[in-house]
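Here are my notes on this one, jotted down as I went through it. Have the viewer open while you read.

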There are 2 protein chains.
Amino acid sequence: MTLNPADDAFAARLRQSLPEAVFRSPEPRYLEEPRGRWAGQCGVLALPRDVDEVSALVTAAAAARVPVVPYGGGTGLVGGQIAPEGPAPLIVSLERMNAIRGVYPTENVLIAEAGAILAEVQLAAREAGRLFPLSLAAEGTARIGGNLSTNAGGTGVLRYGNARDLCLGLEAVLPDGRIWHGLSRLRKDNTGYDLRDLLIGAEGTLGIITAATLKLYPQPAAQGTAIFVVPDPEAAIALLSLAHARLGEAVSAFELIAGQGLTFLAENLPEVRQPFDQAPEWCVLMEVGLPRGLDPEEALADLFEAALEEGLTSDGLIAQSQAQRDDFWSVREHIPEANRRVGAVSSHDISVPISRIPEFIRRGDQVVAGLGGFRVNCFGHIGDGNLHYNVFPEPGRSKADHANQVGAVKRAVHDLVHEMGGSVSAEHGIGRLKVEDLERYGDPVRLDAMRAIKAALDPAGIMNPGAVLRA
Amino acid sequence: MTLNPADDAFAARLRQSLPEAVFRSPEPRYLEEPRGRWAGQCGVLALPRDVDEVSALVTAAAAARVPVVPYGGGTGLVGGQIAPEGPAPLIVSLERMNAIRGVYPTENVLIAEAGAILAEVQLAAREAGRLFPLSLAAEGTARIGGNLSTNAGGTGVLRYGNARDLCLGLEAVLPDGRIWHGLSRLRKDNTGYDLRDLLIGAEGTLGIITAATLKLYPQPAAQGTAIFVVPDPEAAIALLSLAHARLGEAVSAFELIAGQGLTFLAENLPEVRQPFDQAPEWCVLMEVGLPRGLDPEEALADLFEAALEEGLTSDGLIAQSQAQRDDFWSVREHIPEANRRVGAVSSHDISVPISRIPEFIRRGDQVVAGLGGFRVNCFGHIGDGNLHYNVFPEPGRSKADHANQVGAVKRAVHDLVHEMGGSVSAEHGIGRLKVEDLERYGDPVRLDAMRAIKAALDPAGIMNPGAVLRA
């Protein structure tokens, strides 16, 4: 079934049923994505103000077989938000639907429209004395609808789960233009198939999320942050088990940092205060959020003593103030920027079963070394089994020098991940970047089921064509 | 499309490709369900020993258009496990696939086959020093495949979530007989549509779950249990907020108990030790699971003091021993049995937004009183907004005396629940009992999407026909 472009005739038809204020000529940002891999196209840009306008737009697109690309904050890293190929689409940006529709502190529930910026959702929760725990680098720009459509991860997953785990209900426009009113505030509702989780993570290919009921959490009574030097990744994982045994789910973040990352940071962002004079080969950034009655510095000091005794750490720093906590986090948060300045040959957002991480790091280094002279910066959410495994040129060379090896490096790393029961997209999604990876590594029975679901809900294939599944 | 019975000819064909040991003549238990509402039928009973045998069975059924009813522990309360109507089905019991395939304590992961009994999964986790937190009355009989297919709830949902939240991956046989190998041990994997959550809660209508990767948790360092007398349901909810503010997610259970329930218990099961000499109108059973460094009795005593000061409680008991903890739980766990002995006119497994519970209880009592003289026992997982709202005859009358009012009572309660943004099946599912309720109260757009998904994945409609969706 062929699709038609969102041409002048289609634009004119839209204007018959929707007010002029909905439309705007597209600024460049709607046609770009953060990594600069693709240039998008746009036939018509619409900025609807309510779900009925979204419904009218999609209904018209369905009737005309015009592709629809939903647009959130534009921070996605896999090109899910732009259409570089095929007929020029109708871009539906949710940015005007950014209201917090309600906060229910007693229920630990907040209802936000899809265009609400993640940081604003966090703030609204905080103002109600609650925590919305989704937290990621792009939170000042990313919008909650996009976070849900991509099942965003970040640093709070260990304790609180992915975006999927933080959603109770959705309002969405399905590919035929009809509105699903599913903004449930219920914790338990076993009445039929889980349409919510089908739309979450579908990257806009099964409909447009327009609002969501989100789970809030109690704010921890006290928080603490520490950096422990660990001899190797095995010790990092054993340290996590030790921390869990003592503090349970109060361990709210557990991030692996490689010496290579600290070195990149020192070389490229010397203004970021480093925790150690000499970069250790491996260290772990840990955060705990504790109930009333426990002192975080004491709990972390006790954990350090126990870890020292078991040989799981040799040195550690426990933040004594909010400023120190911010400093520790600043190290972790600036590593991606330092990486960008060095310029990766290939970067990988992968996960493997947690107990296999040390083996993966060992074998990954061998695989990469077998392809040439490279440096690896491997860091990330080790408590979730999710590593950002990034491959860089050796000093004095640039990524341009390795342009012809990018594919080989990526393939070799992904093959290893797949062989080890891992995922080649742990948190960023498939978008347009990893469609081939999904075809190569995905379970064929599951892929067929995905295609059948897509055809059932979007028979004309108008919703974000080319993302996740081949158009 | 008409289905064919699992008749002798079909049985003979099955025996050509599967060993005789797979088949057995059906005992009555496969044709009964706990509430005795329906009598099931059976053409062929198969007890496959591995996923390949399940696949062969479903493949044959798909070719012959024979209905397939998956069977777990048989404890479901909505008739999802039996086929009282239509052609006699092939019943596929998973009971022989009951192995724990692997335990990965470092990863907090366990892989169980669908036929593993829930209590055995809990035990395997405990033996590895971990917690599998799904806990419900039928845990000694229910099997994990059924728990997942119905997205079971229970007493641990407040802290740990439903069955859905405890599953990382599935192995399943889809309606065409093909095997989806999805036993991922990953915490993060954003590669395409969430087929896992689609099968979870589908009550066997989209395929047969044959094994699952389950999430384990650290065992809390110490646990405590208390019963607080509260003046009313408003206070119960405010008490939960207070507990959350002080102890965070360490609050692991929060159950409302009505005086009516304690009275039924005293009258029908006098051997169960009661916490108070005189049954209070409302009380709350609370459990906390704390990290190292906190004493549960102290934390609960502090909470009691704070609650007393805010007028949220007037009396309380904090368990001082494991025996006392067991006694407290025994009260909660025997209420359903006492209810059965009294004999409910109508029982309802409902949820409403947590902050609306007091209003629901008030209005529910009015609605029921408007229909005649009844007693209400309202109890359950108030922390999840999930109440078991059960309506009983007045003393000296029996449920038989109200046989002609059952429908009216149920309808009135469900109408109220729906009006208040609630669910008429919070944790038990739809099965065959609530198909009409789903049609009446379900969002029509979502229902159409469900039907489209069912038709896409099971075009012949062989999988558990008549459950969830009308056959």
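1. Start with a single pair: A:Phe23 sits opposite A:Ala46, a residue of strand 2 of chain A. Keep in mind throughout that this is a predicted model. The pair belongs to the antiparallel match between strand 1 of chain A and strand 2 (residues 44-46) of chain A, which are joined by 2 bridges.

2. Zoom out to the sheet around that pair. It is an open sheet of 4 strands in chain A, ordered 1-2-4-3, and its pairing is mixed. At the edges you'll find strand 1 (23-24) and strand 3 (68-71) of chain A, each with pairing on one side only.

3. Now for the helices on this sheet. Helix 1 (residues 8-17) of chain A lies across strand 1, strand 2 and strand 4 (90-93) of chain A, and runs at about 25° to strand 2 of chain A. Helix 2 (residues 51-64) of chain A packs on the sheet too, touching strand 1, strand 2, strand 3 and strand 4 of chain A. The direction of helix 2 of chain A makes about 165° with that of strand 4 of chain A.

4. Over to chain B, where 5 strands make an open sheet in the order 4-5-9-7-8, with antiparallel pairing. Which strands are at its edges? Strand 4 (100-104) and strand 8 (179-182) of chain B, each of which pairs on one side only. On average, neighbouring strands of this sheet are turned by 15° against each other, direction ignored.

5. A closer look at one edge of the chain B sheet: strand 4 of chain B pairs with strand 5 (residues 109-113) of chain B over 4 bridges, in the antiparallel sense. Within this pairing, B:Gly102 has B:Ile111 in strand 5 of chain B as its bridge partner. Helix 2 (residues 51-64) of chain B packs on the sheet and touches strand 7 (167-173), strand 8 and strand 9 (208-215) of chain B. Its angle to the direction of strand 7 of chain B is about 50°.

6. How do the two chains relate? Chain B superposes on chain A with a rotation of 180° and 0.0 Å of shift along the axis, at an RMSD of 0.0 Å. The two copies are therefore related as by a two-fold rotation axis. The same surface serves both copies, as 100% of the contact residues of chain B recur in chain A.

7. On to internal space. Searching the whole structure turns up 4 cavities of 30 Å³ or more, and the largest cavity holds about 180 Å³. It is lined by 27 residues, and those closest to its centre are A:Leu247, A:Ala250, B:Arg159, B:Ala250 and B:Pro291.

8. Which elements give two or more residues to that lining? Helix 7 (233-247) and strand 14 (282-290) of chain A do, along with strand 13 (282-290) of chain B. Helix 7 of chain A provides the largest share, with 4 residues.

9. Last, the annotation. An unreviewed UniProt entry marks residues 31-219 of chain A as "domain: FAD-binding PCMH-type". In the model, this span is 21% helix and 23% strand, and its end C-alpha atoms lie 39 Å apart.

Note on methods. Residues numbered from 1 in each chain as written. Chains lettered and ligands numbered in written order. Predicted model: local features only at pLDDT ≥ 70, side-chain atom pairs only at ≥ 80, totals over all residues. Heavy atoms only, no water. UniProt positions renumbered as here; feature names shortened; annotations may be inferred. Least-squares fit on C-alpha atoms with pLDDT ≥ 70 in both. Contact = heavy atoms within 4.5 Å. Pairing = 2+ DSSP bridges. Axes fitted to C-alpha atoms, helices over the stretch in contact; angles between N-to-C directions. 1 Å grid on protein atoms, 1.4 Å probe; cavity = no way out; pocket = protein on both sides within 12 Å on 5 of 7 lines; lining within 4 Å. Points joined across faces, edges and corners; volume = space filled by probe spheres on them.
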